[in-house]
Amino acid sequence: MRSFCACLAAFLFVLTAAVPVAAQSSRAAEIEAAAEAIAGIRAQINEDAVSAPEALEQQLRDLRVDGRGRLSAIERELEAVNAQIDLLGPAPGENDPPESDILANERSQLAGQRARLNGERTRVLANIFESGELLTRLSGAQVGALYASLTERGASPLESHLWAEAWNSTSDVAGRIGRYFSNWGETRRGDGAYGRSLALILGALVISLMIFGPVNRWISSTFSTAVEKRKPSPARRVVVAALKMAARTVPGVIGGLIIIETLRAQGVLTPEGEAAARAFWIGVLSILIVSGFTAGFFAPASPGWRIASIDADRGRAVSRLALAIVIIFSLNTLLSAIGVAARATDALLLVSDAVAAVAIAVCLFLLCRTRLWRVEDEKSGEGWRLLRRTGRALAIIIVAATLTGYVPLAHFIATRIVYLALFIGLAWMMRAILAELALALRNRLSVETDKTDEAESANYRFWSRLLINTLLMIALAPAVLVLFGAPAGTVRDLAGQALFGFNIGGVHIPSVAKLFAAIIVFVAIMGATKLIQRAVQRGPLAHSRADVGVQNSLITLMGYGGLVIALFVSISSLGFDLGNLALIAGALSVGIGFGLQSIVNNFVSGLILLFERPIKVGDWIVTPSGEGTVKKISVRSTEIETFDRSSIIVPNSELISSTVTNWTHKNRLGRITVPVGVSYGSDPEQVKQILLKCAGDHPLVVSYPEPFVTWMDFGASSLDFEIRAYLADISQGLTVRTELRFAIFKAFAEAGVEIPFPQQDIYVKSLPAGFETKKETDHA
């Protein structure tokens, strides 16, 4: 066998050796070239000589991507070499006979090849690490440069020469825009398509305006009306507001696409004008989103569906101010895009930003007035009060910064407030919609919705909303980072690491996406298990003759099976090898066994109870811990409800290892005994007939086996009899015994049979001295 492995390894080595040495030297040269390029970029960063940080960022990312590709190839080759070395077997020891020269030479060459590959792998990893480090430094430098530029003081809008320069630039920009459209017109006239192009553009505008009415009405009649028929709740109010927003936004999206594509097809949009058209479209969408949301948020026509706790008049005032802020923001974005495309001067762009910042600040200050927000709830009122004060302070800061020459800082703060408000509003609506969907999903999956405990519902709402909030925060985090100056490339890298995982010390950390995917897989499988359980319970089991205990056992086992499948599938989706997991579990089983042996014992006992079914749900059992009806058999314990309506939690191991009396194990047939005593002067045959008649007349006593009477004993005061009868349902034993006693007492009274009470005769053999004298004296 050893010689065969050696021959196989030699053959593989020959194949490996056939790889051209030139390819290996080429890769080594590429690794060295990448290291030199990274060293050059590091020198530029250290000397603060970076003129184009975006280009350097892209270069570093390309180097990192190339390095990862080389690393994958090296690791594949390294794995193949290690496999060949393994085929050779271990090297001979000191006392072992030496191996042949061919095998020794082959082992030496493979070891050298492995050392070379390990060296290349180390250098590639170093290049990848340095590229990431330099990207981080570049990103930090860009953020620092951004905030440094924001804190630099420039010309104040109060200076007259600034407005003069802006006015002169305005005429130049208007001339360039006019020439832009005139050149387009001349081009289309030369092609003979000027009239057709104008007709198509006007047609696109008409179609875009016409779709607003039908789409708005369709969304309102299909979705909003259906939700408004239900009882208002906080989540449903936000859902209605989102639907009203969608009713206005969706037509804007469709209409904007129609217009932009028509303009592009007719040659109106060149690369310079496309940015301005996109800014106009985004501005219109922002206005539609805010107008739709405020219409649902304040709902002046439907007070029951109003989210804000203010009246209709104040709601209209707040809506107008919010719309004014968004309109100013959109106009500023459009004018900036047009100015950049038309090569406007810095003075014109600065004046535009200053006017927009001051206008937004004035509207924000008016929006934060106290009289517009009067909340009756003191706790929520405190939060609104803090928010209003913060808004007024920011408005004052924006105006002060603008007038003192810090226009970029003022514009940055103003625009970030608008962006944050839009993000928070969208996130709030998404949170409410997802919460409503989660509640509907729970109602669909719940088997016994009517019996659901209120505390359980509250827990479900808490955890579902916590999960939704976490997901929304993770989704919005990249946008917020970019919003506050983080380079988009760096944020994209961080998001990629979170999505695809990263390595720490040679250990691969699963990505956030895989973690959430595993959670979603687990929840999906458990949800499917719930649906299957409900379908089986309402379908085959409901139409079968199996008793409730058997049905409960089958449903519980299906739940355990679904749980095991969900665990294994979710763990596999994370990339863990289940074989390795089994080895780890085997290694830890001894230690875990000592610490968790009671839990494992109860778990195994629970499985035995479900398979063997010595007891089942609904059985009447008697255990050392108490007596009652089995309500639930879970993994660790069994719940028994006593006849006093208290619950006894019995470990499953106790039900397996100790004696348990099960009154309803095979069937519910059981025997009851009613003892009775009669006087010694009674006729025993008459007593027997009376007892048999009372038992036979009772509707719950079965005729087979027949009831019978036993003469138990000659008692001290009575003749002791017992009537023994069988019931179809032993759970009615107490009721039947009580009713039989009533019937026996009545029958004995009618027949003159006496039921004696205990009697004792006392014989006095002697009296104390002087007792008779004292008695005579008392009589005298």
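These legends go with several close-up views of one predicted model.

**View 1. Helix 10 and helix 11 run side by side in opposite senses, roughly antiparallel.** Here we look at helix 10 (residues 312-341) and helix 11 (residues 346-367), whose axes sit 9 Å apart at an angle of about 170 degrees. Angles over 145 degrees count as roughly antiparallel, and this pair is therefore put in that class. On the helix 10 side, the contact includes Val318, Leu321, Ile325, Ile328, Phe329, Asn332 and Leu335. Helix 11 answers with residues including Leu349, Asp353, Ala356, Ile360, Cys363, Leu364 and Leu367. Sorted by class, the residues of this contact come out as 15 nonpolar, four polar and one charged.

**View 2. Arg343 sits in the loop between helix 10 and helix 11.** Have a look at the backbone here: phi of Arg343 is near 60 degrees, a positive value in a residue that isn't glycine.

**View 3. Helix 5 crosses helix 11 at roughly 110 degrees.** The axes of helix 5 (residues 160-191) and helix 11 come within 7 Å of each other. With 65 to 115 degrees counting as roughly perpendicular, helix 5 and helix 11 therefore get that label. Helix 5 brings Leu162, Trp163, Glu165, Ala166, Ser169, Thr170 and Val173 to the contact, and helix 11 brings Ala347, Leu348, Leu350, Val351 and Val355. The class tally for this crossing is nine nonpolar, two polar and one charged.

**View 4. One cavity of 30 Å³ or more turns up in the model.** The volume of this largest cavity is about 40 Å³. Its lining is made up of Ala34, Ile38, Leu63, Gly67, Arg70, Val124 and Asn127. Helix 2 (21-46), helix 3 (53-88) and helix 4 (101-150) each put in at least two of the lining residues, and helix 3 has the largest share, with three. Four lining residues are nonpolar, two are polar and one is charged.

**View 5. A cis peptide bond links Tyr704 to Pro705.** Omega for this bond is near -5 degrees. To find the spot, go to the loop between helix 20 (684-697) and strand 9 (708-714), where Pro705 lies.

**View 6. Confidence varies along the chain, from helix 1 at the low end to strand 10 at the high end.** Mean pLDDT over the chain is 78, and 79% of the residues reach 70 or more. Helix 1 (residues 2-17) has the lowest confidence, with a mean of 48, while strand 10 (residues 719-727) has the highest, at 92. Residues 8-21 stay under 50, and the model gives that stretch 14 contacts beyond four places in sequence. Residues 447-452 are also below 50, with seven contacts in the model beyond near neighbours in sequence.

Conventions: Residues are numbered from 1 along each chain as its sequence is written. This is a predicted model: local features need pLDDT of at least 70, side-chain atom pairs count only at pLDDT 80 or more; totals for chains, interfaces and linings use all residues. Side-chain values use heavy atoms; hydrogens and water are left out. Axes are lines fitted to C-alpha atoms, for helices over the stretch in contact, and angles run from 0 to 180 degrees between N-to-C directions. Helices (H or I, at least four residues) and strands (E, at least two) are DSSP runs, numbered from the N terminus. Angles under 35 degrees count as roughly parallel, over 145 as roughly antiparallel, 65 to 115 as roughly perpendicular and the rest as oblique. Contact means heavy atoms within 4.5 Å. Ala, Val, Leu, Ile, Met, Phe, Trp, Tyr, Cys and Pro count as nonpolar, Asp, Glu, Lys and Arg as charged, and the others, Gly among them, as polar. On a 1 Å grid over the protein atoms alone, a cavity is a set of points where a 1.4 Å probe fits but cannot get out, and a pocket is an open set with protein on both sides within 12 Å along at least five of seven lines; lining residues have an atom within 4 Å of a point. Grid points are joined across faces, edges and corners, and a volume is the space filled by probe spheres set on the points. pLDDT is the predictor's confidence in each residue, from 0 to 100.
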